[in-house]
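Morning, everyone. I'll take the strands, then the helix, then the core. Here is the structure.

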Amino acid sequence: MMSLARQLKDYRLTTAEILYRLSDHPEILQTYVWQDLDIAPRFPVLHKFLDFWDRELDGRLHSLRVASARLVKPQSYRHPGAYLRLQ
(Lines give C-alpha, C1' and ligand atoms only; values in the text may rest on other atoms or scores of the structure.)
Protein backbone atom coordinates (compact mmCIF):
# COMPACT_ATOMS: atom_id res chain seq x y z
CA MET A 1 0.00 0.00 0.00
CA MET A 2 2.88 2.34 0.74
CA SER A 3 4.10 1.85 -2.82
CA LEU A 4 0.75 3.00 -4.27
CA ALA A 5 0.76 6.08 -2.03
CA ARG A 6 4.24 6.97 -3.27
CA GLN A 7 3.19 6.48 -6.89
CA LEU A 8 0.27 8.86 -6.39
CA LYS A 9 2.79 11.44 -5.14
CA ASP A 10 4.49 11.26 -8.58
CA TYR A 11 7.14 8.69 -7.68
CA ARG A 12 8.10 6.72 -10.78
CA LEU A 13 9.73 3.38 -11.36
CA THR A 14 13.36 4.30 -11.93
CA THR A 15 15.99 1.95 -13.29
CA ALA A 16 19.69 2.81 -13.31
CA GLU A 17 22.36 0.85 -15.12
CA ILE A 18 25.61 1.51 -13.27
CA LEU A 19 28.97 0.70 -14.82
CA TYR A 20 31.80 0.58 -12.31
CA ARG A 21 35.44 -0.46 -12.21
CA LEU A 22 36.49 -3.52 -10.25
CA SER A 23 38.77 -2.56 -7.37
CA ASP A 24 41.25 -5.41 -8.05
CA HIS A 25 41.22 -4.92 -11.85
CA PRO A 26 40.37 -1.28 -12.66
CA GLU A 27 40.56 -1.90 -16.42
CA ILE A 28 37.50 -4.20 -16.19
CA LEU A 29 33.98 -2.75 -16.05
CA GLN A 30 31.15 -4.47 -14.19
CA THR A 31 27.41 -3.74 -14.49
CA TYR A 32 24.96 -3.25 -11.63
CA VAL A 33 21.24 -2.61 -12.19
CA TRP A 34 19.42 -0.61 -9.50
CA GLN A 35 15.63 -0.17 -9.41
CA ASP A 36 13.36 1.71 -7.01
CA LEU A 37 10.57 4.29 -6.90
CA ASP A 38 11.98 7.80 -7.28
CA ILE A 39 10.98 11.32 -8.31
CA ALA A 40 12.15 12.46 -11.76
CA PRO A 41 14.12 14.54 -12.76
CA ARG A 42 15.92 15.16 -9.44
CA PHE A 43 16.11 11.47 -8.37
CA PRO A 44 16.74 11.95 -4.61
CA VAL A 45 16.55 8.21 -3.83
CA LEU A 46 19.09 7.39 -6.56
CA HIS A 47 21.40 10.16 -5.32
CA LYS A 48 21.19 8.75 -1.80
CA PHE A 49 22.17 5.31 -3.14
CA LEU A 50 25.07 6.74 -5.17
CA ASP A 51 26.31 8.64 -2.11
CA PHE A 52 26.27 5.35 -0.19
CA TRP A 53 28.15 3.70 -3.07
CA ASP A 54 30.91 6.36 -3.04
CA ARG A 55 31.20 6.23 0.75
CA GLU A 56 31.03 2.47 1.42
CA LEU A 57 31.97 0.47 -1.70
CA ASP A 58 35.35 0.02 -3.39
CA GLY A 59 34.30 0.01 -7.07
CA ARG A 60 34.74 3.45 -8.68
CA LEU A 61 31.76 4.57 -10.77
CA HIS A 62 32.40 4.79 -14.50
CA SER A 63 29.01 5.76 -15.96
CA LEU A 64 25.31 5.76 -15.24
CA ARG A 65 22.22 5.37 -17.46
CA VAL A 66 18.81 6.19 -16.00
CA ALA A 67 15.30 5.39 -17.24
CA SER A 68 12.09 6.43 -15.52
CA ALA A 69 8.45 5.47 -16.18
CA ARG A 70 5.25 6.57 -14.52
CA LEU A 71 3.27 3.55 -13.28
CA VAL A 72 0.03 5.29 -12.35
CA LYS A 73 -1.24 7.33 -15.26
CA PRO A 74 -4.57 8.40 -16.72
CA GLN A 75 -6.50 5.81 -18.61
CA SER A 76 -6.17 5.98 -22.38
CA TYR A 77 -8.24 4.59 -25.23
CA ARG A 78 -6.97 3.70 -28.67
CA HIS A 79 -9.39 3.28 -31.54
CA PRO A 80 -8.56 0.21 -33.63
CA GLY A 81 -7.63 0.88 -37.24
CA ALA A 82 -9.59 -2.14 -38.56
CA TYR A 83 -12.23 -4.60 -37.46
CA LEU A 84 -12.16 -8.31 -38.21
CA ARG A 85 -15.36 -10.30 -38.01
CA LEU A 86 -15.19 -14.10 -37.76
CA GLN A 87 -18.24 -16.22 -38.62
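**Sheet, helix and core**

Start with one pairing: β1 and β3 run antiparallel, joined over eight bridges. Keep in mind that this is a predicted model. Within that pairing, A16 sits opposite V66 of β3.

Now the whole sheet. Three strands make it up, and it is open. The order is β2-β1-β3, with antiparallel pairing. What are the edge strands? They are β2, residues 29-38, and β3, residues 61-69. Each of these pairs on one side only. On average, neighbouring strands here are turned by 15° against each other, ignoring direction.

Next, the helix. α2 lies across β1, β2 and β3. Its direction is about 145° to that of β2.

On to the core. How many residues does the largest nonpolar core have? Nine. They are A16, I18, Y20, W34, F43, L46, F49, L50 and W53. β1, residues 12-21, and α2, residues 44-56, each supply at least two of them. α2 gives the most, with four residues. As a general point, nonpolar side chains in soluble globular proteins tend to be buried together.

Let me pick out I18, one of the core residues. Which residues does I18 contact, once neighbours within four places in sequence are set aside? From the core list, I18 touches W34, F49, L50 and W53, among others. I18 is also in contact with Q30, T31 and Y32. L61, S63 and L64 complete its contacts.

So much for the tour. To recap: α2 lies across the three strands β1, β2 and β3, and α2 gives the most to the largest nonpolar core.

Technical notes:
Residues numbered from 1 in each chain as written. Predicted model: local features only at pLDDT ≥ 70, side-chain atom pairs only at ≥ 80, totals over all residues. Heavy atoms only, no water. Core = buried A, V, L, I, M, F, W, Y, C linked by side-chain atoms within 4.5 Å. Buried < 20%, exposed > 50% of the residue type's maximum accessible area, 1.4 Å probe, protein only. Helix = DSSP H or I, 4+ residues; strand = E, 2+ residues; numbered from the N terminus. Contact = heavy atoms within 4.5 Å. Pairing = 2+ DSSP bridges. Axes fitted to C-alpha atoms, helices over the stretch in contact; angles between N-to-C directions.
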